Protein chains: 2
Amino acid sequence: MITWNNLDTLASFQDLKEVKTVDLKDVMSGENGAERVKKYSVPMAEGMAYNYAAKKVDDQVLEALAKLAEEAQLAEKFETLYNGAVVNTGENRLVLHHLTRGQLGDTVEADGVDKRAFYVEQQNRIAEFAQKVHAGEITNAAGEKFNTVVQIGIGGSDLGPRAMYLALENWAKKHNTFKMEAKFISNVDPDDAAAVLNSIDVAHSIFVLVSKSGTTLETLTNESFVKDALKNAGLDASKHMIAVTSETSPLAKSDDYLAAFFMDDYIGGRFSSTSAVGGAVLSLAFGPEVFAQFLDGAAEEDKLSLNKDLLKNPEMLDALIGVYERNVLGYPATAVLPYSQALSRFPAHLQQLDMESNGKSVNRFGDPVNYATGPIIFGEPGTNGQHSFYQLLHQGTDIVPLQFVGFRNSQIGTDVVIQDSTSQQKLCANVAAQIVAFACGKDDENRNKNFEGGRPSSIIVGDQLDPKSLGALLAHFENKIMFQGFVWNVNSFDQEGVQLGKVLAKRVLAHETDGALKEYSDLLNI
Amino acid sequence: MITWNNLDTLASFQDLKEVKTVDLKDVMSGENGAERVKKYSVPMAEGMAYNYAAKKVDDQVLEALAKLAEEAQLAEKFETLYNGAVVNTGENRLVLHHLTRGQLGDTVEADGVDKRAFYVEQQNRIAEFAQKVHAGEITNAAGEKFNTVVQIGIGGSDLGPRAMYLALENWAKKHNTFKMEAKFISNVDPDDAAAVLNSIDVAHSIFVLVSKSGTTLETLTNESFVKDALKNAGLDASKHMIAVTSETSPLAKSDDYLAAFFMDDYIGGRFSSTSAVGGAVLSLAFGPEVFAQFLDGAAEEDKLSLNKDLLKNPEMLDALIGVYERNVLGYPATAVLPYSQALSRFPAHLQQLDMESNGKSVNRFGDPVNYATGPIIFGEPGTNGQHSFYQLLHQGTDIVPLQFVGFRNSQIGTDVVIQDSTSQQKLCANVAAQIVAFACGKDDENRNKNFEGGRPSSIIVGDQLDPKSLGALLAHFENKIMFQGFVWNVNSFDQEGVQLGKVLAKRVLAHETDGALKEYSDLLNI
């Protein structure tokens, strides 16, 4: 029997607040620190590990977190989710993104079909389509092969797929699975579409229009932009476009598209990278085999999220440490810092995934909560961040918990030895150094050169960023955020906070404004 | 007589805390809201305006802020800075970036020269060099014109110039001043350099090595990377590289470079976009005339920052409202939200500019401060952010003050009419709508669809993003951050917080580790 209770009603949460806090600087110094690095680590998929030695936890805190996980029924709630309960209560929807990469539990039927079979069918249809494009069986009207794929979508139809594309672009080129360059048009700013269109050869481009409802204004506007460009080039737009949409959308059976691939209401935009939303563009760019590996990595990590033992469940553990930092230690933000240039847009994707899921003030029943929920998420790749905002992270007046990601090997493999080390070694040395610098600090009589330390971080370490480890990394954060939503008792799968802006923007465009809205409209010459 | 006092010692700060706070939802509703939009606006350079109607201020708060500005001697401190005082006390340096774009006060002599004349001389040398490259007078060894410029630098040598390049790329293409494509190599991750090198034609590329000291490890490493690539292509590296460095650096007079252009210790990396650091790459990419316009815009805004009347000084006003939000209202972060795809990396630059300048816990004398200093800065372009993290901004448990930027016109001018409005109108309608949605909210019986409002924002509005308005925008934020540093009594011009990581990374690479550092090194196979 699952009960959905607010965090502050749980006895285990009250107990957690009573546990003595950890002096990070103290515990991470000397041989004790070395022991922690060995001990506070949990295996992830694909040989990766989530290491939380530099978090403000010890056995007592972890024990209290395990009790909280149990009382909050995190494992049971995940189970009910993947078995097809209506966990997205606000929108009365199932939450099925895990089914795009595997069957964790019972067969889930909805809309009269087995949903796992439905998602696999779409993957197979996409794979077949992509193979025909790559083989030159589907071509432009002149019978020439397409060489570029352009995704038209916004929010979850943009950030996730774009981050994944950038993460694998160099890997695919190195491994000869790179098929087509991908570009992305998202913003309603006309300069976004215009600049992308100016940078490509439209005659050899295929466009993927992504909109679940088929009514997203930004996306339909950018579709028109693209159709104008195709028309101006003397091309038949319907021979250059495919749609990713729901079966009930106006796009689903339109002659305007070469093909339509389907998603459904059970996968929110920000959780859709493993659905047809990511599948079409990534399969076209890298081949369906690479996309399948990406799904395999995610599926493998999903299985680890099932573990009821907190210390063997990297996602649940990461989630609970985050809750501890947010609700007991009182930290308002988390920085995501991948030491991998290929993950340059991964923080922007996590920003949506996390802040849109858990940036809520009411619980799943619509009642206000009396505690902090989702934190601010931001980040940039290291080592770039080190030469930028790390100053504040090291010596600012607020403590910001850090989530590092690092890989032992680069993707391309080209390297150079300077001062007896490769660039890859320097990269890894920097992330190791940063963790210790943040945790332990360094005393200096000159207070301006003093580092207080006590600044917590974790690191996910892997061998290499490849399709499988990327899938596992994505699933890690998706599931972490889901577990945090369970703890905070919010609905992580709706986004009512985006609605008011839409309503008011329509009013501005219809010139139905008064008061401040009218003045701002005038100011902007609308 | 200037006195450098901590914020919490100022009587006007204590008075500020006593002023009644503004109910934003209340004051922004109805005709009063319209009046505020008209009244709470201050002109900026290039026809832009800083509008702060949706901030939690009224005449009483503004009066108290004006007293704070006076007691903190902000105008006098700026005056002493641009007249050449050693304001960067920690490093015993003058702070002269304003001189790269104009002479605000007295002639400043340092190192035996007039520094304004020195910066102008470097601009002229760069202009001459760029014109020769564009005219085909400086070519590769085969006598062919260069078509690509690649900046090698990190931190301030990367983020600012990159953001400015992206901001003007489409404008320059539209106005036929686009001369060469620019690329950037920054990260020590070997995949960064390798991917950029794989994407360009090295035989027709000119590289700009940027390092003030000539010793930045990441940058020198990436230089070697590039030299290897040039050598492998059978090319003479010295015919493809220029340096931007200080006159005393080992790079200054080396035969390894076609030319060297100079900066000095009086311009910090994050304030160097208007120096040779930005000048070389931007002049090569867009022509020196465009770079000169960029400087003109910044110079014009600098002059507005001189105004002693708070309500006529957009930078001082923005700074003080930020201090009020941070130290009285207690908000830990600020989001920067440009409604312009061309400003896609402007938030990343501001993140460095702000967090590295004011993320300090000690005052300029090295004594700990008892109040919050620089906030977390993050952001992405709207409308993309609306479909992402805006959920938390609207309905999350924490309030995040917002800094919007919007332009009435697009850069490229290509547009499409859908549902009776252009994309540019939709873009502008969205930012107008968001300001009001955040400020006023909307009551709904369904608490999940309820918007509390009371979330403060400001907007900088301009006609178009062009070289001049971009320069003004940059100067606005540079000067805002400077004024905030004065209020907080911190040294905004050093960055001791980046040092410890460097020291520990060196230790890792030398295998001189123990404890946790050794374990992390092992974990990462270093």
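Start by selecting chain A and finding its open sheet, where six strands lie in the order 1-2-15-12-10-11 with mixed pairing. Keep in mind along the way that you are looking at a predicted model.

**Stop 1: the sheet of chain A**

Colour strand 1 (41-43) and strand 11 (376-378) of chain A: these are the edge strands, and each pairs on one side only. Now look along the sheet: neighbouring strands are turned by 15° against each other on average, direction ignored.

Stay with strand 1 of chain A for a moment. How does strand 1 of chain A run relative to strand 2 of chain A, parallel or antiparallel? The two strands are antiparallel, and three bridges join strand 1 to strand 2 (residues 49-51). To see one of the facing pairs, select A:Ser41, which stands opposite A:Asn51 in strand 2 of chain A.

Next, show helix 15 (residues 423-440) of chain A, which packs on the sheet. Helix 15 of chain A touches strand 10 (333-339), strand 12 (402-407) and strand 15 (457-462) of chain A. Its direction makes about 155° with that of strand 12 of chain A.

**Stop 2: a link across chain A**

Select A:Lys25 and A:Asp443 together. They form a salt bridge, with the closest N and O atoms 3.0 Å apart. This pair links distant parts of the chain: A:Lys25 belongs to helix 2 (residues 24-27) of chain A, while A:Asp443 sits in the loop between helix 15 and strand 15 of chain A, 418 residues apart. Over all chains, the count comes to 54 salt bridges.

**Stop 3: two backbone details in the loops**

A short reminder helps here. Most residues other than glycine have a negative phi, and most peptide bonds are trans.

With that in mind, zoom in on A:Asn92, which has a positive phi of about 55° although it is not a glycine. You will find A:Asn92 in the loop between helix 5 (74-82) and strand 3 (109-110) of chain A.

Then move to A:Gly382 and A:Thr383, which are joined by a cis peptide bond with omega of about 5°. A:Thr383 lies in the loop between strand 11 and helix 14 (390-395) of chain A. Switch to chain B, and the peptide bond from B:Gly382 to B:Thr383 is cis too, with omega near 5°. B:Thr383 is in the loop between strand 11 and helix 14 (390-395) of chain B.

**Stop 4: the sheet of chain B**

While chain B is selected, look at its open sheet of six strands, in the order 1-2-15-12-10-11 and with mixed pairing. Strand 1 (41-43) and strand 11 (376-378) of chain B stand at the edges with a single partner strand each, so one side of each has no neighbour in the sheet. The twist averages 15° from one strand to the next.

At one of these edges, strand 10 (residues 333-339) and strand 11 of chain B pair in the parallel sense over three bridges. Pick B:Thr334, and look for its bridge partner, B:Ile377, in strand 11 of chain B.

Now add helix 12 (residues 314-328) of chain B, which packs on the sheet and touches strand 1, strand 2 (49-51) and strand 12 (402-407) of chain B. Its direction makes about 25° with that of strand 2 of chain B. Helix 15 (residues 423-440) of chain B lies across strand 10, strand 12 and strand 15 (457-462) of chain B, at about 155° to strand 12 of chain B.

**Stop 5: both chains together**

Show the two chains at once. Which rotation superposes chain A on chain B? A rotation of 180° does, with 0.0 Å of shift along its axis and an RMSD of 0.0 Å. The two copies are thus related as by a two-fold rotation axis. To find that axis, select A:Phe378: of the residues of chain A, A:Phe378 comes closest to the rotation axis, at 3.2 Å (C-alpha). The same surface serves both copies, as 100% of the contact residues of chain A recur in chain B.

**Stop 6: the interface**

Finally, highlight where the chains touch: 132 residues of chain A are in contact with 132 residues of chain B. Between them the chains bury about 11,200 Å², 64% of it on carbon and sulfur atoms. Select A:His387, A:Tyr520 and A:Leu524, which in chain A lose the most area to chain B, together 7% of what that side buries.

Eight salt bridges cross this interface. To see one, display the side chains of A:Glu496 and B:Lys449, which meet at 3.0 Å, N to O. There are also 46 residue pairs in polar contact across the interface, both residues at pLDDT 80 or more. End at helix 15 of chain A, which supplies the largest share of the side of chain A that touches chain B, 15 residues.

Note on methods
Residues numbered from 1 in each chain as written. Chains lettered and ligands numbered in written order. Predicted model: local features only at pLDDT ≥ 70, side-chain atom pairs only at ≥ 80, totals over all residues. Heavy atoms only, no water. Pairing = 2+ DSSP bridges. Helix = DSSP H or I, 4+ residues; strand = E, 2+ residues; numbered from the N terminus. Axes fitted to C-alpha atoms, helices over the stretch in contact; angles between N-to-C directions. Contact = heavy atoms within 4.5 Å. Least-squares fit on C-alpha atoms with pLDDT ≥ 70 in both. Buried area = accessible area lost by both parts, 1.4 Å probe. Salt bridge = Lys/Arg side-chain N within 4 Å of Asp/Glu carboxyl O. Polar contact = N/O pair within 3.5 Å; in protein donor to acceptor, adjacent residues only side chain to side chain.
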